[in-house]
Every structure is written in structure tokens, then in C-alpha cells.
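Dear colleague,

I am passing on the structure we spoke about, followed by some notes on its packing and its ligand site. Please read them alongside the coordinates.

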Amino acid sequence: MDERIIDTKIRVCSYNELGEDEKKLVEMAKDATSRAYVPYSDFHVGAALLLENGEIITGANQENASFPAGTCAERSAIFYAAAQYPGVRFVRLAIAAWQKGDFVEEPVSPCGVCRQAILEYEKLGGSPIDVLLCGRDVVYRIDGIRALLPLSFEEF
Ligand code: THU
């Protein structure tokens, strides 16, 4: 039997260690949490996506009485960006969450469906989409979504 270990490198930073562009994206993701519509979970997620053309698109989770119809903050941002700017590469995505009066302490991580959706645009763009997972004081920096989706499903 063969055994393989898949490593994931996460750089753990304080907000002050981020570059100016990264700080701006984090702030925009945090701000986007205020636009979540979450009557069922009361868990407010915000995402901010930097495109190669310099545009920053934000998204927030939108829930629905028919639960599966709701969508995550990340997908609301990436699908909007792809629909508005087809063919423009995604560079970096920041994700933040707010619950019970404050930003969550532990960095929030995208769900499996969002990881798969982000991967598709990473492949289309031909270069890694960097991810910033924001906690209250700490930010996880991840170089490319593949680090969060080992053994991903790949049809093309
Ligand atoms: N949610 C996101 O928006 N992004 C994630 O990465 C994880 C979960 C949303 C879905 C739902 O509206 C709420 O958070 C609670 O699961």
C-alpha cells in the first residue's frame, strides 16, 4: 500500500502585516457582511473579489425560505463578477463573517460548493486566486484555491 500526504500551506497574519491592497479587500469583505440577508441563520458573510482590471466586486450571503435557493457570499460575488466581466481574471478573494454583534474570531472558510465554484474560475483564468480568510484579529493567507480543495473534481 502506498500512502500520500497532501499539505496545505496557510500563512497566518495579523491585519497589520497585510499589504495595502489586501487590507482594502479585507475591509470591503467586512463591510459586505452588512448586506447579507440572513433571516434563517443570522450568520452574515461578506466576500470581496479583486479582478485583474482593478474592479472589486463584493457579495453577501442571501438566504431564502426555500433553503437550497439561498447562496453563499462567495458565489454571489464570483457569479456576479463573471456575469459582468466575462473573461476577466480573478486575482484575490477576501471572506469575512459577522455574528451576534461582532466579526467572528476564527477565520471563516468557504464551503465545499464555493471552493469548487472558485476553482472553476481559477482554471479559466489560468493563475491562482489568492484567498484571505478573515478572523477578528487574524487573517489566513492562502495562495490559490487548490490548497483548500485537494483532490478536486476536474472534468476539463
Ligand atoms: N455561508 C457563506 O455565505 N459562505 C460560506 O463560506 C459558508 C456559509 C452562508 C450560508 C448561509 O447563509 C450561512 O452562511 C450559514 O451557513
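In this predicted model, the largest nonpolar core (buried Ala, Val, Leu, Ile, Met, Phe, Trp, Tyr and Cys residues joined through side-chain atoms within 4.5 Å, where buried means under 20% relative accessible area with a 1.4 Å probe, protein chains only) has 26 residues, of which Leu 49, Phe 90, Leu 93 and Ile 95 touch the most other members. At least two residues of this core come from each of strand E2 (44-51), helix H2 (73-84), strand E4 (90-99), helix H3 (112-125) and strand E6 (130-134), and H2 gives the largest share, with 5 residues. The helices (H or I, at least four residues) and strands (E, at least two) are DSSP runs, numbered from the N terminus. A second core, separate from this one, has 13 residues, including Cys 13, Val 91, Ala 94 and Val 139.

Around the ligand (heavy atoms within 4 Å), the residues include Phe 43, Asn 61, Cys 72 and Pro 110. Polar contacts (N or O pairs within 3.5 Å) join ligand oxygen atoms to a backbone N or O atom of Ala 73 at 2.9 Å, to a side-chain N or O atom of Glu 74 at 2.5 Å and to a polar backbone atom of Ser 109 at 3.5 Å. The ligand taken alone exposes 370 Å², of which the protein buries 75%, with areas from the Shrake-Rupley method and a 1.4 Å probe.

Residues are numbered from 1 along each chain as its sequence is written, and side-chain values use heavy atoms, leaving out hydrogens and water. Because the model is predicted, local features need pLDDT of at least 70 and side-chain atom pairs count only at pLDDT 80 or more, whereas totals for chains, interfaces and linings use all residues.

Best regards

Conventions: Polar contact = N/O pair within 3.5 Å; in protein donor to acceptor, adjacent residues only side chain to side chain. Buried < 20%, exposed > 50% of the residue type's maximum accessible area, 1.4 Å probe, protein only.
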